[in-house]
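Colleague: I am new to this structure and would be grateful for a close look at a single part of it. Please explain each term as it arises.

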Amino acid sequence: MIPLWIKLAYTIFVVVTVAVYAVKWGFGNFLWFSDIALIVTVPALWLESGLLAGMMTIAILLPEIVWNIGFFVQLATRRRVSGLTDYMFDRSKPLYLRALSLFHVFLPILLVWMIGRLGYESRALVAQT
């Protein structure tokens, strides 16, 4: 149901991102829900699991919408909406490191697409909770 190229591209992106984040931010960074969802989406893709996709969507959809609004409003207007995206505009952080965080833009889209493709598992809410 999910094309192989999506599985491969996403997996490679996650492997690179996790390796870079582990060195630059440390393993404590992976305690954020969005980073957990980034990683758990890999098995969700390969197993084509509506349950895992649903769980990750429940965990991150609202915070990712806030992140995206904050990022794109600040990008367009230079006005700060929330502190969630401050690091994206911090020039002391390397551009490649900030660019990897753009997963916040496509991850919620990917997860919602996966639920549309695989179906929503009604157990996702209970399992995520």
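Modeller: The following account concerns one helix, H5, and then turns to helix H1. This is a predicted model, in which local features need pLDDT of at least 70 and side-chain atom pairs count only at pLDDT 80 or more, while totals for chains, interfaces and linings use all residues. Residues are numbered from 1 along each chain as its sequence is written, and side-chain values use heavy atoms, with hydrogens and water left out.

Helix H5 covers residues 103-118; helices here are DSSP runs of H or I with at least four residues, numbered from the N terminus. Its 16 residues, at 1.5 Å a residue, should span 22 Å, and the end C-alpha atoms are 21 Å apart, which agrees. The expected span is 1.5 Å times one less than the number of residues.

The buried residues of H5 are Phe103, His104, Leu107, Pro108, Leu110, Leu111, Met114, Ile115 and Leu118. Buried means under 20% relative accessible area, exposed over 50%, and partly exposed in between, with a 1.4 Å probe and protein chains only. Viewed down the axis of H5, these buried residues fall within an arc of 160°, so they line one face of the helix. The arc is that of the directions from the helix axis to the C-beta atoms. An α-helix has 3.6 residues a turn, so residues three or four places apart point the same way. The face turned away from the buried side of H5 carries the exposed residues Ile109 and Gly116.

The buried residues of H5 pack against H1, helix H2 (33-47), helix H3 (50-77) and helix H4 (95-100), contact meaning heavy atoms within 4.5 Å. After H5 comes Gly119, with a positive phi near 95°.

H1, one of these partners, spans residues 4-24. In H1, Lys7 forms a salt bridge with Glu48, which lies in the loop between H2 and H3, so the pair ties together parts that are 41 residues apart in sequence. The closest N and O atoms of Lys7 and Glu48 are 3.0 Å apart; a salt bridge is a side-chain nitrogen of Lys or Arg within 4 Å of a carboxyl oxygen of Asp or Glu. Lys7 is buried, with a relative accessible area of 9%, whereas Glu48 is partly exposed at 25%. Also in H1 is Ile12, which is exposed, with a relative accessible area of 56%.

Methods:
Helices (H or I, at least four residues) and strands (E, at least two) are DSSP runs, numbered from the N terminus.
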